[in-house]
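This briefing goes through the core, the strands around it and the neighbouring helices. Please read it alongside the sequence and the coordinates.

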Amino acid sequence: MLQLRFLQASLSPKPHLTFPLISSSGSLRISQTKLRSQMGSYTTSSQQPSKLLFRQLFEKESSTYTYLLANASHPEKPALLVDPVDKTVDRDLALVKDLGLKLIYAINTHVHADHVTGTGLIKTKVPGVKSIISKASDAKADLVVEPGDKICFGDLFLVVRATPGHTLGCVTYVTGDGPSRPQPRMAFTGDALLIRGCGRTDFQMKCIIDIVWELVSHDISCSGVACCVEVHSNYISQVHSQIFTLPKDTLVYPAHDYKGFTVSTVGEEMLFNARLTKDEEAFKNIMASK
Ligand SMILES: N[C@@H](CCC(=O)N[C@@H](CSS)C(=O)NCC(=O)O)C(=O)O
């Protein structure tokens, strides 16, 4: 598996030669170009600078959000999809095409237990797209990333932050900081931080709470579960150190919502998140009583 510390989109120095055309007909190409310039780079947040094109997409059966991000000011308009879902791949790829984008990465925040990732399907439909997942996920992808890695699309990038707990390999992707970068920043939290909640902790963790209580009640110490205990504990500490340290106006975009919310902010979640504002002990109790 190829592993890179800094992922730079490999874009042609002559973008007009390689940019995928909507049609081979010159006239249609011109009208499409005009249409795209009229569309501009509208985003769902009025505060985004024009260079980031952003779309929040929804898959209703699993209540999953997929995010499309593209660098609209780069001649090739390099784009990436975060957490694509297999059922909605065709819709997402049609949007990529309509907007004249060049999809370069299909990224997952974690190995999804509830839905099949659309990444493999995208790779069969758009040759050249590279899949990305965290190294800690121990899953197959073209590129594996670790905390601190940057995923570049033109001069925009996402930084990888480790937020394990829902699964061992959960990461949050945060837009890079800087004068020409999107303000406010954006955090794609996967299932690590859901709006006013968080991902369940009984996947891939072998019912950790039951195990721990069994051990405690029988006064047994077992190093074999130490990693599980640590990851569960780390849920709170990692969210606090990796997400709650971001500027309070950072927009929080989760992988799911079951109540109709679409976006939150770091400041809002620091105040109102019913689970992640708690200390480790209270958090464990909440998750155990779920
Ligand atoms: N609670 C959901 C049920 C679907 C579910 O379990 N979702 C997962 C994320 S997808 S693996 C989750 O972690 N949900 C948070 C939770 O507290 O259950 C629902 O309300 O429909």
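In this predicted model, the largest nonpolar core has 62 residues. The residues with the most contacts inside that core are Leu69, Ala79, Leu80 and Ile107. The points below start from Leu69 and strand E4, then move outwards to the paired strands and the helices.

**Leu69 and strand E4**
- Apart from neighbours within four places in sequence, Leu69 is in contact with Leu52, Phe54, Ala79, Leu80 and Phe153.
- Strand E4 spans residues 64-71, and 8 of its 8 residues are buried, so E4 is largely enclosed by the rest of the structure.
- Burial applies to both faces of E4: one side carries Thr64, Thr66, Leu68 and Ala70, while Tyr65, Tyr67, Leu69 and Asn71 lie on the other.

**Pairing of E3 with E4**
- Strand E3 (residues 52-59) is antiparallel to E4, and 8 bridges connect the two.
- Within this pairing, Gln56 has Tyr67 of E4 as its bridge partner.
- The E3 and E4 hairpin leaves 4 residues between the strands, and Ser63 there has a positive phi near 50°.

**Pairing of E4 with E5**
- E4 is also joined to strand E5 (residues 78-82), through 4 bridges and in antiparallel orientation.
- Tyr67 has Val82 of E5 as its bridge partner, and on the E3 side Tyr67 is the bridge partner of Gln56.
- Two of the residues with the most contacts inside the core, Leu69 and Leu80, stand opposite each other, with Leu80 in E5.
- The hairpin of E4 and E5 has 6 residues between its strands, and Lys77 in the turn takes a positive phi of about 50°.

**Strand E5 and the crossover to E6**
- In E5, 5 of the 5 residues are buried, so this strand too is largely enclosed by the rest of the structure.
- Pro78, Leu80 and Val82 of E5 point one way, Ala79 and Leu81 point the other way, and all are buried.
- E5 pairs with strand E6 (residues 102-107) in the parallel sense, over 5 bridges.
- Ala79 has Leu103 of E6 as its bridge partner.
- Between E5 and E6 the chain passes through helix H3 (residues 89-98), forming a right-handed β-α-β crossover.

**Helix H3**
- Which residues of H3 are buried? They are Val89, Asp92, Leu93 and Val96.
- These residues are on the same side of H3 because they cover an arc of only 95° around the axis.
- The cover over the buried residues of H3 includes strands E3, E4, E5 and E6 as well as helix H4.
- Gly100, just after H3, has a positive phi of about 70°.

**Lys125 in helix H4**
- Helix H4 covers residues 119-125 and contains Lys125.
- Is Lys125 buried, exposed or partly exposed? Lys125 is partly exposed because 13 other C-beta atoms lie within 10 Å, whereas a residue counts as exposed at 12 or fewer and as buried at 20 or more.
- Leaving out residues up to four places away in sequence, Lys125 touches Val89 and Leu93, and both of these are among the buried residues of H3.
- Lys125 and Asp90 are 35 residues apart along the chain, with their C-alpha atoms separated by 9.0 Å.

Methods: Residues are numbered from 1 along each chain as its sequence is written. This is a predicted model: local features need pLDDT of at least 70, side-chain atom pairs count only at pLDDT 80 or more; totals for chains, interfaces and linings use all residues. A nonpolar core is a set of buried Ala, Val, Leu, Ile, Met, Phe, Trp, Tyr and Cys residues joined through C-beta atoms within 7 Å. Two residues are in contact if their C-beta atoms, placed from the backbone, lie within 7 Å. Two strands pair if DSSP finds at least two bridges between them. A crossover is right-handed if, with the strands pointing away from the viewer, the path from the first strand over the helix to the second runs clockwise. The arc is that of the directions from the helix axis to the C-beta atoms.
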